[in-house]
Amino acid sequence: MNAPIRVAITGAAGNIGYALLWRIASGDCFGADQPVILQLLEIPPGMERLNGVIMELQDSAFGLVHGIVGTSDPAVAFKDADAVFLVGSRPRSKDMDRADLVKANGPIFVGQGNAINDNAKKTVKVITVGNPCNTNCLIANANAKDLDDSCFTAMTRLDQNRAAGQLAVKAGTPVVNVQDVFIWGNHADTMYPDTSRCTINGEAHGLDDEWLQGEFLKTVATRGKAIIVARGASSAASAANAAVDHMHDWWSGSNGRIVSMALVSQGWYGVPKGLVFSFPVIVSADGVVTVVEDIDVGEFARDKIAQNVAALSGEREAVSDLL
Ligand code: NAX
């Protein structure tokens, strides 16, 4: 057994938190030999629900859980954290558009970026899930002045998994046989699932552009809305699963496979420096994330990348006072 690590989760009493905590506690994320101390953050109105969640976690008697802290103080939640899941944020109400959501949630990530900077380990791995996750991540990173850009990521793994799921159905094969599809850009309906390196059953996929650029793209881009319509609630278990996949691969390596992570751009593929943008990456077994820089970007993909750059540049402009 390794020494326990400290894992902070914000919005821990929410829907995604309820699925995520059990996956982390059971070892799916950090490994079966890695004990965890769970440091759970909620806002004061969520504390009673959080107490109920903590009771249930205790009642699950997980051998890997070596401690649980429930708090509404970010300094306590992020203290000495090795890994942070930023899940909590204000949901979009009916009268809000995306720009309103960016403005409403931005201040949360100023405070949390500061608190991570002052309290977490300097090697902390942060995944941002709460929407708009790319720009929330940008704000948190900008307010964590002493931490390296590489500590901060946002989640596009759910979009990747949705794409892989659709490709598997189309090809009539288990999803495990679909490899190396990845996402460019923003976690929003502008994101682009790129199949240029994708293999199915170990071979180049051979699917036609008409389907890939039409029905496939539309299904993946609008999947979140389709789930809300069908379920009456937004994706929760699949989002938690994607967060586990993202952090698992960051912690233990992607085993040579290409996966999607939204990173603080260092200018890769012409994406302006500082935007939090999803790229194809490979992660080494010791957690070093490397952007795959030799993707042959065709005209269609180039146009999609440009659309995402424009959208994220607009979001950055809208929160410039928070950076
Ligand atoms: P819930 O509304 O069920 O839970 C959010 C929780 O966060 C609540 O318990 C709330 O009290 C808490 N919270 C709010 N502000 C907080 C703060 N400042 N500090 C700590 N906790 C705070 O939402 P849930 O379904 O769990 O979704 C959480 C976030 O994930 C949302 O922003 C949602 O839009 C986003 N999603 C992101 C996805 C992605 O792929 N990146 C997909 C799923 C999901 O839509």
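# Two domains and the contact between them

The C-alpha centres of domain 1 and domain 2 lie 22 Å apart. Keep in mind that this is a predicted model. The domain assignment splits the protein chain into domain 1, residues 5-154, and domain 2, residues 157-322. Let's start where these two meet, then zoom in on a helix, a loop residue and a few charged pairs.

**Where the domains meet**

- How many residues does each domain bring to the contact? Domain 1 supplies 39 residues and domain 2 supplies 34.
- Between them, domain 1 and domain 2 bury about 2900 Å², and 69% of that is on carbon and sulfur atoms.
- On the domain 1 side, K125, N134 and L138 lose the most area to domain 2. Together these three make up 22% of what that side buries.
- What about charged pairs across the interface? The rule finds zero salt bridges between domain 1 and domain 2.
- Polar contacts do turn up, though: nine residue pairs, both partners at pLDDT 80 or more, are in polar contact between domain 1 and domain 2.

**What the domain 1 side is made of**

- The elements of domain 1 that give two or more residues to the side touching domain 2 are α1 (15-25), β4 (83-86), α4 (98-119), β5 (125-128), α5 (133-142) and β6 (152-154).
- Which element gives the largest share? That would be α5, with seven residues.
- Sorted by type, the residues on this side of domain 1 come to 23 nonpolar, nine polar and seven charged.

**A closer look at α5 and G106**

- Helix α5 is largely enclosed by the rest of the structure, because nine of its ten residues are buried.
- The buried residues of α5 are C133, N134, T135, N136, C137, L138, I139, A140 and N141.
- G106 sits in another helix, α4. Is G106 buried or exposed? With 0% relative accessibility, G106 counts as buried.
- Leaving out neighbours within four places in sequence, G106 is in contact with N136, I139 and L322. Two of the α5 residues listed as buried, N136 and I139, are among those partners.
- For a sense of distance, G106 and M1 are 105 residues apart in sequence, and their C-alpha atoms are 39 Å apart in space.

**N186, a buried loop residue**

- You'll find N186 in the loop between β8 (182-184) and β9 (192-194).
- Being in a loop doesn't put N186 out in the open here: N186 is buried, with a relative accessible area of 1%.
- Which residues does N186 touch? Not counting residues up to four places away in sequence, they are R98, N134, M191, N308, L312 and E315.
- With one of these, E315, the side chain of N186 makes a polar contact of 3.3 Å.

**Salt bridges**

- Side chains of opposite charge can pair when their charged atoms come close.
- How many salt bridges does the rule count? The count is seven. Here are some of them.
- D159 pairs with R162, with the closest N and O atoms 4.0 Å apart. Both are in helix α6 (residues 157-171), and because they are three residues apart, about one helical turn separates them.
- D159 is buried at 3% relative accessibility, and R162 is buried too, at 12%.
- K225 and D189 form another salt bridge, at 3.3 Å from N to O. K225 is in helix α8 (residues 223-231) and D189 is in the loop between β8 and β9, so this pair ties together parts that are 36 residues apart in sequence.
- K225 is exposed, with a relative accessible area of 52%, while D189 is partly exposed at 46%.
- D294 and R197 make a salt bridge at 2.9 Å, N to O. D294 lies in the loop between β14 (289-291) and α10 (299-318), and R197 lies in the loop between β9 and β10 (199-200), so the pair links parts that are 97 residues apart in sequence.
- D294 counts as exposed at 53% relative accessibility, and R197 counts as partly exposed at 31%.

Methods. Residues are numbered from 1 along each chain as its sequence is written. This is a predicted model: local features need pLDDT of at least 70, side-chain atom pairs count only at pLDDT 80 or more; totals for chains, interfaces and linings use all residues. Side-chain values use heavy atoms; hydrogens and water are left out. Domain bounds come from an automatic or database domain assignment. Contact means heavy atoms within 4.5 Å. Buried area is the accessible area (1.4 Å probe) that two parts lose on being put together, summed over both. A salt bridge is a side-chain nitrogen of Lys or Arg within 4 Å of a carboxyl oxygen of Asp or Glu. A polar contact is a pair of N or O atoms within 3.5 Å; within protein, one must be able to donate a hydrogen and the other to accept it, and residues adjacent in sequence count only if both atoms are side-chain atoms. Helices (H or I, at least four residues) and strands (E, at least two) are DSSP runs, numbered from the N terminus. Ala, Val, Leu, Ile, Met, Phe, Trp, Tyr, Cys and Pro count as nonpolar, Asp, Glu, Lys and Arg as charged, and the others, Gly among them, as polar. Buried means under 20% relative accessible area, exposed over 50%, partly exposed in between (1.4 Å probe, protein chains only).
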